Amino acid sequence: MATPLKVERYTRASRIALPIVAVVIIAAATVPAWGSSNIMKQGVTFLALLALAQMWNLLAGYGGLVSVGQQAFVGIGAYTLWVFSEKLGLNPFFCVPIAGIVAAVFAFPTAGLAFRLRGGYFAVGTWVIAEVYRLLVTQTSWLGGGSGVSINSARQVEPSTREAIVFWWALAVAVGSIALVYLVLRSRRGVALTAIRDDEIGARSLGVNITRSKLWVYVMAAFGTGATGAVIYLNLLRVQPEAGFSLQWSALMIFAVVIGGLGTIEGPILGAIVFFALQQLLADYGAWYLILIGALAALVVVFAQRGLWGAIYRHWPVDLFPVRRRLCLETVCFPEETPAPSPSAHGSSPQPPIGPSLPPAAEPPEPEQ
Amino acid sequence: MSLLELDDISTGYGRFQALFNVNLRIEEGETHAVIGANGAGKSTLLRTICGLIRTDAGKVRFDGQSVGHLPPNKRVGLGISYVPEGRWVFPSLTVAENLMVGAHSRRTGLWSMDKVYELFPLLSRLRQRQAFSLSGGEQQALAIGRGLMSNPRLLLLDEVSLGLAPVVVEKIYEAMPAIVKSGTTVLLVEQDVGQAMKFADRVTCMLEGRQALEGSPSEISSEEIFAAYFGV
Amino acid sequence: MVWANDIIQGILLGGLYALFAAGLSLVFGVMRLVNLAHGDFGVMAAYISLVIVSALDVNPFYTLIMVMIVMAIFGYLVQRGLLNFAMDAGPLQAILATFGIAIIIQNLLLEGFTANSKGLDAGVIENTSIRLSDQVVIGWFPLLTMVTSVIVLFGLQLFLGRTRMGRAFRATADNQRAAQLMGIDNRHLYGMAMAFALAIVAIGGVFIGIRTTFSPSAGPFRLIFAYEAVIIGGLGSLWGTLVGGIVLGVAQVLGDHIQQGWGMLVGHLVFLAILAFRPQGLFAKQVQ
């Protein structure tokens with residue numbers, strides 16, 4: 001009688017980690033009860049950073065799309081919040097998901113243009129488009145023009161209530177972003193994405209629609225980023241085009257992900273923590289924290305490509321958020337949870353990727369003869 | 001001391017090993033052909049010598065000097081010139097410019113642009129043409145000429161007959177005696193066994209990354225070659 | 001014809017953009033590197049000029065050679081010290097490394113010079129002009145900028161076409177492994193390409209500093225304009241970059257004419273239109 005093969009989706013570590021994460025989330029949700037106003041504001045900042053990092057990671061680490069223009073959707077999210085709450089009279093707190101949806105809608109034409117470019121030119125293209133959005137808002141007086149707008153409807157809510165709700169929204173957005181990435185990657189679409197990332201031509205030959213998959217990722221990331229933008233400005237209460245569409249948002253996202261580790265779910269979480277910690281530590285030194293983080297990011301991305309999480313993973317390979325499927329027969333699974341170190345016959349060749357990782361550096365294309 | 005010494009060379013691509021303990025001695029002035037089926041490791045051998053592939057184990061010695069740690073551009077300066085499989089001419093540069101780039105290492109010697117045009121008169125008519133517009137045979141001639149411009153002591157030719165009509169291949173090989181006469185040692189990889197046997201002083205046959213046979217064409221019988229080539 | 005003056009101003013502005021774009025084009029052509037810090041390098045050059053001007057009290061023009069040398073050395077060091085390794089790691093990693101450098105430069109300048117706008121005062125030349133007709137006035141400085149731009153592009157063309165190193169650049173751009181087989185040390189070559197690019201952008205940075213004001217956060221704008229010029233003109237074509245710069249310049253000036261403040265937006269829209277309808281640019285290089 002044949003023993004059945006099973007597809008196993010959880011690792012031992014994740015069975016422990018996921019419940020712990022649930023506890024952490026519940027604990028975090030209690031913060032408004034005991035935390036000071038300052039703690040909650042900082043908390044929102046951190047959670048928003050976490051969400052933004054996850055969305056950028058989804059784009060770049062899994063979708064292979066390096067965007068330097070996600071600030072477009074932060075700004076769009078912020079201004080959607082204002083339009084729907086100020087102009088259309090909706091409760092500002094209901095506007096968070098709406099901001100996400102509107103951002104997702106704008107993502108379609110944005111992608112239509114940006115997708116005509118590849119690689120570095122795609123990156124700059126997204127940046128230009130973000131600038132266009134910024135300029136359009138600056139030149140539109142009913143959107144407040146260059147001087148910006150205030151989220152007055154939220155201002156009028158009693159501070160401790162407002163702060164609590166904003167905090168919970170931030171928590172929801174952060175958890176939601178992680179959940180979104182996790183679920184996307186465990187889905188069929190996610191497998192397709194990984195295939196595209198690893199070998200685009202091979203994936204296409206298997207029938208994967210590259211453009212549709214990338215568009216889908218782009219729109220999802222825009223949704224998450226837009227919703228986060230609304231949360232950020234519910235916290236700050238005032239938005240100007242220069243701030244809402246600022247390149248600094250991209251800097252935050254990119255550095256957090258790069259330092260933490262591109263292409264894993266755990267990486268951006270770690271990166272956001274490190275980033276936030278450094279920001280707090282060096283708060284008195286003005287722009288130096290950004291200089292330090294920029295330098296760290298540049299060095300990490302070149303010399304330690306898997307980031308902090310990658311370095312940890314090398315010594316302690318655990319998938320807290322397992323996205324791979326393993327084939328199991330009884331208790332033996334492939335790939336193993338902790339693979340044996342491969343005896344390298346080639347000196348210091350890199351470890352084969354265990355978790356999701358950056359695509360290997362491509363060989364320079366050889367000219368056609 | 002031989003011009004080129006390969007001691008126990010093992011190398012490959014990532015986790016795929018292509019060469020296993022290859023030992024080879026090439027004397028100055030010799031013409032040596034490496035034959036074998038596809039995937040036998042012939043091109044890998046040449047690429048290891050010129051530096052495009054780094055050895056995992058073993059030594060490459062050129063004129064007594066260990067060169068295994070040197071990048072390709074440094075080996076050119078020492079006198080190793082590799083004419084790649086697939087030619088790799090610079091498509092946007094003209095024929096003349098391709099040759100000029102070949103002389104980048106500024107090694108002196110017999111070979112100059114005029115000499116190359118003498119060797120391959122067909123190139124002489126194409127001086128200002130961009131290389132991408134050349135035919136396969138013309139590109140091959142250009143690649144060889146470009147390889148000579150660095151006045152190498154050791155010329156590595158990788159599958160010069162690949163994709164070319166027999167008539168064209170004949171013309172290419174007609175140029176060989178002049179190259180050899182100039183004192184250049186030639187190590188070539190050749191699919192065409194007959195051509196290799198006609199041309200070379202010594203022949204090595206590779207099989208699955210190992211040397212299966214070595215000797216001069218006069219000593220080796222066709223049965224031995226068949227056996228070594230196909231591994232029967 | 002009031003538009004004539006605008007078009008001429010736009011053309012001259014294009015010359016300035018071409019100065020920024022040339023270095024970008026060179027680096028991408030030789031190394032396939034998209035340098036997100038390029039605009040910030042230009043701003044950095046303006047600040048270096050400012051420092052020299054403050055110290056020696058000279059006209060900014062006299063600082064040009066010095067600034068070019070400093071920027072060239074800086075570019076060589078950054079390329080060999082970091083970016084060569086970044087490129088080894090992969091194209092994604094290389095872009096991100098340049099992004100890191102961009103943020104570092106912006107914030108270093110911010111710490112060093114505050115966020116206030118600064119300007120370079122070149123004296124009389126900034127305000128004198130030639131009056132061609134009732135409506136057409138050509139400023140001496142914009143004209144000088146355009147002439148300089150053309151000379152630089154011409155020089156670059158000559159360099160690439162006629163010199164040993166220039167040929168090495170082109171060969172490496174075609175096939176960098178084959179270039180190594182010719183004895184070309186591509187690590188050194190990439191360093192030189194970056195050095196050249198930064199020397200050229202130094203000119204652009206100083207000129208823009210004279211023409212208008214600059215601040216630590218001005219880099220991204222310059223970068224965007226440079227990229228737009230390159231893409232409008234078409235990748236791989238040096239003179240196409242000049243044309244791209246001109247198209248952009250004209251679009252911006254006309255845009256400002258239609259409504260003050262709309263210039264940049266119109267420029268972006270023209271860029272996006274080209275992207276939508278002719279993505280290869282106006283003068284794309286012959287594809288083999």
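Look at strand 7 of chain B and you'll see its side chains alternate: B:Leu154, B:Leu156 and B:Asp158 point one way, while B:Leu155 and B:Leu157 point the other way, and all are buried. Keep in mind that this is a predicted model. The strand covers residues 154-158, and with five of the five residues buried, strand 7 of chain B is largely enclosed by the rest of the structure.

So what does this strand pair with? Strand 6 of chain B, residues 80-83, runs parallel to strand 7 of chain B, and four bridges join them. Strand 8 of chain B, residues 185-189, also pairs with strand 7 of chain B in the parallel sense, this time over five bridges. B:Leu157 turns up in both pairings: it is the bridge partner of B:Val83, and B:Leu157 also stands opposite B:Leu188 in strand 8 of chain B.

Here are the two pairings side by side.

| Partner of strand 7 of chain B | Sense | Bridges |
|---|---|---|
| Strand 6 of chain B (residues 80-83) | parallel | four bridges |
| Strand 8 of chain B (residues 185-189) | parallel | five bridges |

Now over to chains A and C. Here, 43 residues of chain C are in contact with 39 residues of chain A. On the chain C side, helix 3 (60-89), helix 4 (91-113), helix 7 (176-181), helix 9 (219-233) and helix 11 (263-277) each supply at least two residues. Helix 4 of chain C gives the largest share of that side, with 15 residues. As for chemistry, the side of chain C that touches chain A has 29 nonpolar residues, along with nine polar and five charged ones.

Technical notes:
Residues numbered from 1 in each chain as written. Chains lettered and ligands numbered in written order. Predicted model: local features only at pLDDT ≥ 70, side-chain atom pairs only at ≥ 80, totals over all residues. Contact = placed C-beta atoms within 7 Å. Nonpolar A, V, L, I, M, F, W, Y, C, P; charged D, E, K, R; others polar. Buried ≥ 20, exposed ≤ 12 C-beta atoms within 10 Å, placed from the backbone. Pairing = 2+ DSSP bridges.
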